[in-house]
Every structure is written in C-alpha cells, then in structure tokens.
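Here is a report on one protein chain. It starts from a single loop residue and works outward to the sheet and its helices.

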Amino acid sequence: MKKIIKIITFFILPLLSCGCSSILTTAAEHIYIAAVDRRDLKTILNDTTIKLTIVNKFHDDDYINSLNSLDLSIECYRGHVYLVGEYDKPVQKTRAIKIVKDIEGVKGVTSYLLPKNKGDICGIDENLAIMGRVKAKLIGDEDIWSTNIDVKSVQCNVVLYGLVSSNKNISKAIEHAKNVKGVRTVTSFLK
C-alpha cells in the first residue's frame, strides 16, 4: 500500500495539476511498470536519474551526439548501466563508456557495442522484427514478467537485460530468444 501511495505522490499528482491527458497515459504506463518492477521506488528513481544524466551528457558530446536511439540503447538497473547498440567510430564507444563511468551513482558499466557494418543484410527492419518476435514470445510465457526484460537486437544478435525473479526465468527467456527466426546469437545480461 505504501508503494502505491508513493507512486501516486510522485507520478499522478504532479500530472493532474498539468491537466494533460497524454501525459497521464504515459504516467499510467510508468505506474504499471513501477508496480511490477523488482526494484523499490527509490532505486527506480535513482536509475532513471542516472539514465537521464547519461542521455544529456551524450547529447552534449560531439562524438556521441550523432548516434540516435536506434543506434544506442541505455538502461540502468540498480546503478549498473547497460550500453547496447552500434557505433560509427571506435572513439564513440570509448567516449560513451568513459562518460558513463564518470557519472555519480554508477556502480558498473556493461557494454555490448558493435561497429556498424554497412554491408550487413540485417538492418533496422530486421532488428525491429526480431525484437518484436522475441517480445511476443516473452509475453506469451505466463511465468515471465515480460515488462521486466528489455530486448535489443543489434545486427540480428539479441541482447536481453533486466531483472527477473529466478534463474529458471533467465534460461526460459534465453531459449525463447534463441528460437526466434533470424536471430544469430543471444547474449543475456539478465539478473
């Protein structure tokens, strides 16, 4: 009950004062995610602050700001940051990791960053389709809280990260991803 009251206090009340229905829809999504998340509200807020700080620092960096959200995904769980995606120049990878390590509150960095391969037949469309098929399999498994698993496909290689309830669910999520047509490899950072 305390968690619900905190959620309402932090998310709903400020939005009601704005009177914006589209913001309320987004807030409802965040409330649902917070309710099923394995982290407490304080940890979720700290992780969100870290992620937003990273996004701002990347935007201000001359090397990294040319990458878009399809090139590079950023997630943070309990202070551990995950960078997943592609880069054009090696300096972008090293700068991104250095920037993240220098941010207050970051406890560790895991990167799955590949150089862009212009000749690869696996492009944006294929990666988005793979991500959708993996998510569909996860949603179809009643034992797994699929909202707790982030899925990224980079050059048709699937990366799973997030917090789940058991090692059994980690194994099941990996198997689901491996059984999706077009997936080359599966890397799991699930905890």
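Where does arginine 78 lie? Arginine 78 sits in the loop between strand 1 and strand 2. The model is predicted, and everything below is read from that model.

**The chain as a whole**

The protein chain holds 6 helices and 6 strands. Starting at the N terminus, the order of elements is α-α-α-β-β-α-β-α-β-β-α-β. The chain has 191 residues, and 42% of them count as buried. Among contacts with a separation of 6 or more, 69% come from residues 24 or more positions apart.

**Two residues with positive phi**

Back to arginine 78. Its phi is positive, about 55 degrees, although arginine 78 is not a glycine. The setting is a hairpin of strand 1 and strand 2, with 2 residues between the strands. How covered is arginine 78? Its relative accessibility is 45%, so arginine 78 counts as partly exposed.

Glutamine 155 also has a positive phi, near 50 degrees, and is a residue other than glycine. Glutamine 155 is in the loop between strand 4 (149-154) and strand 5. Its relative accessible area is 10%, and glutamine 155 is buried. The cut-off explains this label: buried means under 20% relative accessible area.

Strand 5 covers residues 157-162, and asparagine 157 lies in that strand. Asparagine 157 counts as buried because its relative accessibility is 10%. What does asparagine 157 touch, leaving aside neighbours within four places in sequence? Its contacts are Tyr112, Leu114, Lys152, Arg184 and Thr185.

**The three-stranded sheet**

Strands 1, 2 and 3 form an open sheet with the order 1-2-3 and mixed pairing. Strand 1 and strand 3 are the edge strands, each pairing on one side only. From one strand to the next, the twist averages 10 degrees.

The mixed pairing can be taken one side at a time. Strand 1 (residues 72-77) pairs with strand 2 in the antiparallel sense, over 6 bridges. Strand 2 pairs with strand 3 (residues 108-115) in the parallel sense, over 8 bridges. Strand 2 itself spans residues 80-87, and 8 of its 8 residues are buried.

Four bridge partners can be picked out on the structure:

| Residue | Opposite residue | Strand of the opposite residue |
|---|---|---|
| Isoleucine 74 | Leucine 83 | Strand 2 |
| Tyrosine 77 | Histidine 80 | Strand 2 |
| Glycine 85 | Leucine 113 | Strand 3 |
| Tyrosine 87 | Proline 115 | Strand 3 |

**Helix 3 on the sheet**

Helix 3 (residues 41-60) packs on the sheet and touches strand 1 and strand 2. Its direction makes about 150 degrees with that of strand 1. Does the length of helix 3 agree or disagree with 1.5 Å a residue? Its 20 residues should span 28 Å, and the end C-alpha atoms are 29 Å apart, which agrees. Leu41, Thr43, Ile44, Asp47, Ile50, Ile54 and Phe58 are the buried residues of helix 3.

**Helix 4 and the crossover**

Strand 2, helix 4 (residues 90-101) and strand 3 build a right-handed β-α-β unit. Helix 4 lies across strand 2 and strand 3 and runs at about 165 degrees to strand 2. Helix 4 has 12 residues. From first C-alpha to last it reaches 17 Å, close to the 16 Å expected at 1.5 Å a residue.

Which residues of helix 4 are buried? They are Gln92, Ala96, Ile97, Ile99 and Val100. Why do they line one face of the helix? Seen down the axis of helix 4, the buried residues fall within an arc of 160 degrees, so they line one face.

What do the buried residues of helix 4 pack against? Their partners are helix 3, strand 2 and strand 3. The face turned away from the buried side carries the exposed residues Pro90, Thr94 and Lys101.

**Putting it together**

Strand 2 pairs with strand 1 in the antiparallel sense and with strand 3 in the parallel sense. Helix 3 touches strand 1 and strand 2, while helix 4 lies across strand 2 and strand 3. The buried residues of helix 4 also pack against helix 3. Arginine 78 lies in the loop between strand 1 and strand 2.

Key. Residues are numbered from 1 along each chain as its sequence is written. This is a predicted model: local features need pLDDT of at least 70, side-chain atom pairs count only at pLDDT 80 or more; totals for chains, interfaces and linings use all residues. Side-chain values use heavy atoms; hydrogens and water are left out. Buried means under 20% relative accessible area, exposed over 50%, partly exposed in between (1.4 Å probe, protein chains only). Helices (H or I, at least four residues) and strands (E, at least two) are DSSP runs, numbered from the N terminus. Two strands pair if DSSP finds at least two bridges between them. A crossover is right-handed if, with the strands pointing away from the viewer, the path from the first strand over the helix to the second runs clockwise. Axes are lines fitted to C-alpha atoms, for helices over the stretch in contact, and angles run from 0 to 180 degrees between N-to-C directions. Contact means heavy atoms within 4.5 Å. The expected span of a helix is 1.5 Å times one less than its number of residues. The arc is that of the directions from the helix axis to the C-beta atoms.
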